[in-house]
4 protein chains.
Amino acid sequence: MKTTILIHCKDRSGIISAITSFIHSKGGNIVYLDQHVDMEADVFFMRLESDFKTGSLHIDNFKKEFQTKLADLYQMKWSLHQDDIKPKMAIFVSKYNHCLYDLLSRFKSEELNAEIPFVISNHRDLEDIVNQFDIPFYHIPFTKDLKEEGEIQQLALLKSHNVDFIVLARYMQIITPSLIAEFPNKIINIHHSFLPAFAGAKPYHAAFERGVKIIGATSHYITEELDAGPIIEQDVTTVSHSHTIKDFILKGRDLEKIVLSRAVNLHIQRKTMVYNNKTVIFS
Amino acid sequence: MKTTILIHCKDRSGIISAITSFIHSKGGNIVYLDQHVDMEADVFFMRLESDFKTGSLHIDNFKKEFQTKLADLYQMKWSLHQDDIKPKMAIFVSKYNHCLYDLLSRFKSEELNAEIPFVISNHRDLEDIVNQFDIPFYHIPFTKDLKEEGEIQQLALLKSHNVDFIVLARYMQIITPSLIAEFPNKIINIHHSFLPAFAGAKPYHAAFERGVKIIGATSHYITEELDAGPIIEQDVTTVSHSHTIKDFILKGRDLEKIVLSRAVNLHIQRKTMVYNNKTVIFS
Amino acid sequence: MKTTILIHCKDRSGIISAITSFIHSKGGNIVYLDQHVDMEADVFFMRLESDFKTGSLHIDNFKKEFQTKLADLYQMKWSLHQDDIKPKMAIFVSKYNHCLYDLLSRFKSEELNAEIPFVISNHRDLEDIVNQFDIPFYHIPFTKDLKEEGEIQQLALLKSHNVDFIVLARYMQIITPSLIAEFPNKIINIHHSFLPAFAGAKPYHAAFERGVKIIGATSHYITEELDAGPIIEQDVTTVSHSHTIKDFILKGRDLEKIVLSRAVNLHIQRKTMVYNNKTVIFS
Amino acid sequence: MKTTILIHCKDRSGIISAITSFIHSKGGNIVYLDQHVDMEADVFFMRLESDFKTGSLHIDNFKKEFQTKLADLYQMKWSLHQDDIKPKMAIFVSKYNHCLYDLLSRFKSEELNAEIPFVISNHRDLEDIVNQFDIPFYHIPFTKDLKEEGEIQQLALLKSHNVDFIVLARYMQIITPSLIAEFPNKIINIHHSFLPAFAGAKPYHAAFERGVKIIGATSHYITEELDAGPIIEQDVTTVSHSHTIKDFILKGRDLEKIVLSRAVNLHIQRKTMVYNNKTVIFS
C-alpha cells in the first residue's frame with residue numbers, strides 16, 4: 001500500500017533521521033522524500049511517499065505510534081493519506097465555461113485522481129455542459145437576498161457528500177466566511193491576473209489600461225481577504241500594443257484553465273502545504 | 001541612405017495610401033512598414049523604414065515637403081531619423097554593477113548602435129568598471145543637501161554632450177522633475193518587479209513576503225509618478241518556496257540586465273512610440 | 001463589409017503604395033496592414049484587412065479589377081476572404097481525446113470562427129465525446145488492407161461537405177499523398193515535440209532517453225515528408241530528472257492542445273502564409 | 001562547518017534512514033536533503049548539506065567511517081565537499097566575447113563561488129578583455145598541425161593549477177579525447193540550439209532554414225560524441241518570420257550567456273550528478 005505523509009513542525013536537529021528510521025522500522029520503503037526548512041520562520045516541512053507490503057500496515061496502529069513516538073516529541077502537525085482513496089472535489093461555476101470544460105474533460109480522461117460528486121452554480125448557463133459530462137448539477141442562486149439561504153444549501157450539499165475540497169472555476173460570487181472556515185486552505189480559486197497585480201474586479205481591463213507587456217493567471221487558496229490567499233501556481237503570457245481587451249481575455253482563458261488545473265492536481269496529489277499565508281509546493 | 005520615419009495622428013481613411021505614395025514619389029523604397037491603430041483613442045501609429053539611392057534624398061527638402069503635403073493635412077506628429085547617425089546615451093548608476101556590465105559589454109561588442117559619452121554615478125563604487133571600459137566617469141553626489149547642485153551638474157553634462165536619452169542602470173536616486181521635463185519619454189529605467197506589482201522600494205522582499213511563484217523585471221520610461229511610466233519591456237522567471245530573498249535577488253539580476261538591454265535596443269532602433277502613458281513597440 | 005486580402009509576389013519598389021492606393025480608390029478603409037519581405041528569397045508578403053461600407057463593394061468586380069490592375073502587373077498570387085463566411089474544418093482523431101476536447105469546447109464557446117461539419121476517426125473510442133458535442137462522427141477504419149477504401153471514403157466526405165481545411169487532432173495514421181495534394185497547406189497537424197528534435201514516433205520516450213530539460217509541441221502543415229512541413233506554432237515547458245515518461249506525456253498533453261488550437265485559430269483568421277516550406281505568421 | 005555530500009548507489013530499502021542517522025550520530029545537522037530514485041535504472045541519488053559545529057568534524061575520520069559503515073555496505077559512489085573550499089575553473093574561449101564577459105563580470109561580482117586561475121584561447125582576439133579583468137591569459141594555438149602540441153600545453157596548465165573543471169565559453173575547437181578522459185563530466189559546454197535539434201555547426205542557420213518559431217541554447221557536459229553529452233540546462237526564446245539569421249544570432253547570444261552561467265553555477269554548487277548520460281539537477 002502506498003501512503004503520503006505530510007509533516008510540519010519547528011525545525012530541530014535529527015528530525016529527518018528520526019522520521020525515516022521510524023518508517024523503516026515499520027517496514028515501509030521510502031520512495032520519495034522532499035523536505036523544506038523555512039529559515040526565517042524556523043519551520044520544517046516534509047512530504048514522504050512510502051510503500052508498505054500488502055497487509056503489513058495497520059493504519060490505526062501506525063497512526064497511534066507515529067503520534068506518540070514522533071509527533072508528540074517534535075510537536076508535529078501531520079497527516080497521513082492512503083493513495084487509493086480519492087478525494088472528493090466540488091466545483092463551483094457561474095457563466096464562464098472554459099475552466100469547467102477543462103476540468104471535466106481532464107476528469108473524464110482520468111487526469112484527475114479525484115471524484116466530482118457535483119457542480120454548483122448560481123446560474124443555469126452551464127447546466128447543459130455539466131449534464132453532458134453526466135455529473136449532478138445544482139442551481140443555487142446567490143443574489144443579495146438569497147445569500148443566507150444559498151450558503152445553507154451549499155453547506156448542506158458539501159457535507160452530505162463528504163466533500164474534501166472546492167474548486168472555484170471562475171465562480172463570480174464572494175465565498176462566505178463560514179464556508180471558508182469550514183474549508184480552510186481547501187478552496188482553490190483562479191484569478192485572472194498575476195497577483196498581486198490587478199487584484200479585484202476586471203483585471204484584464206486594468207492590465208490593458210496600464211499597458212503591461214505580460215498578463216497572467218494565479219491560482220490560490222481562498223482566505224477572507226479578497227485575492228490575498230496563499231498562491232499555489234502562476235503563469236503568464238506575452239501581450240503587445242496590438243492586442244485589444246478582447247484579445248487579453250481570450251489569451252487569458254488559456255492561462256486560467258491550465259493554471260487552475262495544475263493547482264487542482266497539486267492539491268489532489270497532496271503536494272501543497274500552507275504556512276504563513278504562503279505555500280510549500282513539493283516536486 | 002536608410003531612414004526611419006515615426007508618425008502618429010488621428011486615424012483617417014486613406015492615410016497609409018497617402019504616406020506610401022509620397023515616399024514612393026520621392027524615390028524611396030519602403031523596406032519595412034508597421035502600423036497600429038488604437039481603436040479606443042482613434043489614433044494611428046506608423047513606423048516606416050525606407051531606402052533612398054545615394055544622393056537622391058535631400059533631407060531638408062524632404063522634411064519640408066512631408067510637413068506641408070502630409071503632416072499639416074493630417075495633423076501628424078512625426079520624426080525622421082537617419083540610420084547612420086548614432087544616438088548618444090548617458091548611463092546613470094549607483095552601486096549595483098550587473099546592468100552596467102551588461103550594457104558596457106554589449107556596447108564594446110557593437111550590439112548597441114549608440115554612443116556612450118559618459119557614465120554618471122552618485123557613488124564611486126563602479127568607477128573602476130567604467131574606467132576598465134574606457135568611458136568617462138563622473139561622480140555627482142546626490143544627497144538631500146546636494147540635490148540641487150547635483151541636478152545642475154547632471155544637466156550641464158547632458159547638454160554639453162548633446163545626449164539624446166538616458167539609461168538608469170539601477171540608479172537609486174529619484175530623477176528630478178526638471179530632468180524628466182528635459183527628457184520626456186527619453187529616460188529608461190529598470191524596475192525589479194513585474195509592474196504594477198511591487199512598485200516602490202524592496203520589490204524582491206515584498207514578492208518573497210507575498211509568496212509569489214513568478215518574479216519579474218520591467219523597463220519603462222520615467223514619468224513624474226514613481227514606477228508608473230509607459231512600459232517598454234517585461235520578463236519573468238519562476239521561483240519556489242525553496243528560494244530565499246537572496247535567491248530572488250540573484251535570479252532577478254539576470255532578468256534586470258536582459259530586460260533593460262532589450263528596452264535600450266528598442267529605443268535605439270526607434271521601435272518605441274509613447275501615447276497615453278502606454279507604448280507601441282514595433283517589431 | 002470586412003475583407004482580408006493575402007498577397008505574395010516578387011518584391012518591387014512601390015508595391016505597398018500601389019496596393020493601398022487601389023483599396024483606397026475602391027472606397028475601402030484599411031484597418032490593418034502587415035507586410036513582410038523575405039530578403040533572401042526576395043519575396044513580398046502582405047495581409048490587409050479592409051472595411052467597405054455596406055453595399056459599396058461588388059466582390060466580383062473588385063476581384064476582376066484587382067487582378068488586371070495589380071495582380072497581373074506585379075505577378076501576384078493573392079486571395080480575398082470575406083470575414084462573414086466561416087471556413088469549414090474537418091477534424092481527424094484516433095484515440096487520444098485531449099486535443100479533441102479542447103477544439104470542441106472552444107468551438108462551443110465560439111472561440112473558433114469556423115464550422116465543423118464532422119469528425120473522422122479510424123477508431124470508435126472517441127465517438128461518444130463527438131456525439132456529446134452534437135457533431136457527426138464517421139468511423140473510417142484505416143488498416144493496411146483498408147487504406148485505399150478509407151482514403152476514398154475520406155475524400156468523398158471532405159468534398160461533399162466542401163471542407164476547407166483539416167485538423168489532425170492526434171490522428172495516428174499517415175495522411176495519403178493524394179489527400180495532401182487535395183489540401184496543400186491546409187492540413188494542420190500537432191506533433192508532440194519541439195521539431196526538428198524528435199521527429200517520428202514516440203518523441204516523449206526519445207526526449208526522456210536523451211535527458212532534455214525542455215519538452216515541446218509543434219503544429220505544422222502536413223507535407224509528404226513526415227514531420228517536416230511548415231511550422232505554424234511551437235511551445236515548450238520545462239521538465240526535470242524527477243519526471244517520468246508518464247509525466248512527460250501528461251505535461252505534453254497541455255502543450256499539444258494549446259499549441260494546436262492556437263495554430264487552428266491562426267489559420268482560421270488567415271494569418272498564415274506558406275513559402276519555401278516556412279510560414280509567415282501575421283500578428 | 002558546512003559540507004555537501006553527493007551519493008549514488010543501487011536503490012535499497014532503508015538507505016535514507018541509514019545515511020541520515022549516521023550524519024546525526026556524528027553531530028551533523030542536515031540543513032538540506034534532496035533525493036531521487038531512477039526507477040528504470042533502480043539507482044538512488046542523494047545530495048545532503050550538513051552543518052557541523054566548529055571543531056566537531058574531523059574530515060578524515062568522518063570519511064573513513066562513512067566509507068566502512070555506509071559506502072561499503074551499500075556499494076555507494078560518493079564524494080564530500082567542504083563549502084569553504086572554492087573549486088578552480090579554467091575558461092576556454094575563441095573569438096565570441098559575450099559568454100566570457102558574462103562569466104567574468106559575474107566572477108567579479110562574486111556571483112560565482114569559484115576561482116579562475118586562467119583563460120585559454122586559440123586566438124588573441126579576447127586577450128584584452130581577459131586582461132581588463134586581471135586574469136592570466138594564455139594563447140594556445142590549435143590548428144591541425146599544432147593540435148598535439150596544444151593539448152600538451154593545455155594539460156600542463158590545467159594540472160599545474162590544479163584545475164577542477166573547465167568551462168567552454170563558445171570555444172570553437174574540438175576537445176581531445178585525452179582531455180575529456182582527464183576531466184570526465186567536468187567540462188561544461190554551451191551549444192547554441194535546443195539540443196538534440198541542430199547539433200553540429202551553424203545551428204542558427206539550420207534553425208532559420210527550418211523555419212522554427214523557437215530557438216534555444218543548451219549547456220551540457222562534454223563527452224566524446226559531439227553535442228551528445230549530459231544536458232545540464234536549456235532555455236529558449238521565441239522567433240518569427242520577421243527575424244533574420246543575424247537576429248537569431250543576437251537573440252541567441254543572450255540565451256547562451258544566461259544558460260551557460262546557470263549551468264556553471266549549478267556545477268559549482270555541486271547540484272549536478274551524472275548517470276547514464278543524463279543529469280540529476282538538485283534544487
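Tutor: One definition before we start: a helix here is a DSSP run of H or I at least four residues long, and helices are numbered from the N terminus. Keep in mind too that this is a predicted model.

Student: Okay, which residue with positive phi follows helix 1 of chain A?

Tutor: Helix 1 of chain A covers residues 15–25. Past that run, the phi angle turns positive, near 85 degrees, at Gly27(A).

Student: What covers the buried residues of helix 1 of chain A?

Tutor: The buried set is Ile15(A), Ile16(A), Ser17(A), Ile19(A), Thr20(A), Phe22(A) and Ile23(A). From chain A, the cover includes strand 1, strand 2, strand 3 and helix 2. Chain D joins in too, and its part of the cover includes helix 1 (15–25) and strand 2 (28–38).

Student: So let's look at that pair of chains. How many residue pairs are in polar contact between chain A and chain D?

Tutor: Start with the area: chain A and chain D bury about 1,300 Å² between them, 50% of it on carbon and sulfur atoms. Salt bridges between chain A and chain D come to zero. Counting pairs with both residues at pLDDT 80 or more, the polar contacts number six.

Student: Which element of chain A gives the most to the side that touches chain D?

Tutor: On chain A, 17 residues are in contact with chain D. By class, that side has seven nonpolar, nine polar and one charged residues. Helix 1 and strand 2 of chain A each supply at least two of them. With eight residues, the top contributor is strand 2.

Student: What symmetry relation links chain A and chain D?

Tutor: Superposing chain A on chain D takes a rotation of 180 degrees with 0.0 Å of shift along the axis, at RMSD 0.0 Å. The copies meet through the same surface, because 100% of the interface residues of chain A are also interface residues in chain D. The rotation and shift give the relation of a two-fold axis.

Student: And which residue of chain A has the C-alpha nearest the axis?

Tutor: We've met this residue already, among the buried ones of helix 1 of chain A. Its C-alpha lies 2.9 Å from the axis, and the residue is Ser17(A).

Student: Over to chain B. Is His98(B) buried or exposed?

Tutor: His98(B) is in helix 3 (residues 98–108) of chain B. Leaving aside neighbours within four places in sequence, His98(B) contacts Arg170(B), Arg253(B), Glu256(B) and Lys257(B). The cut-off is under 20% relative accessible area, and since His98(B) has 5%, it counts as buried.

Notes
Residues are numbered from 1 along each chain as its sequence is written. Chains are lettered from A and ligands numbered from 1 in the order in which they are written. This is a predicted model: local features need pLDDT of at least 70, side-chain atom pairs count only at pLDDT 80 or more; totals for chains, interfaces and linings use all residues. Side-chain values use heavy atoms; hydrogens and water are left out. Contact means heavy atoms within 4.5 Å. Buried area is the accessible area (1.4 Å probe) that two parts lose on being put together, summed over both. A salt bridge is a side-chain nitrogen of Lys or Arg within 4 Å of a carboxyl oxygen of Asp or Glu. A polar contact is a pair of N or O atoms within 3.5 Å; within protein, one must be able to donate a hydrogen and the other to accept it, and residues adjacent in sequence count only if both atoms are side-chain atoms. Helices (H or I, at least four residues) and strands (E, at least two) are DSSP runs, numbered from the N terminus. Ala, Val, Leu, Ile, Met, Phe, Trp, Tyr, Cys and Pro count as nonpolar, Asp, Glu, Lys and Arg as charged, and the others, Gly among them, as polar. Buried means under 20% relative accessible area, exposed over 50%, partly exposed in between (1.4 Å probe, protein chains only). Copies are superposed by least squares on the C-alpha atoms of residues with pLDDT of at least 70 in both.
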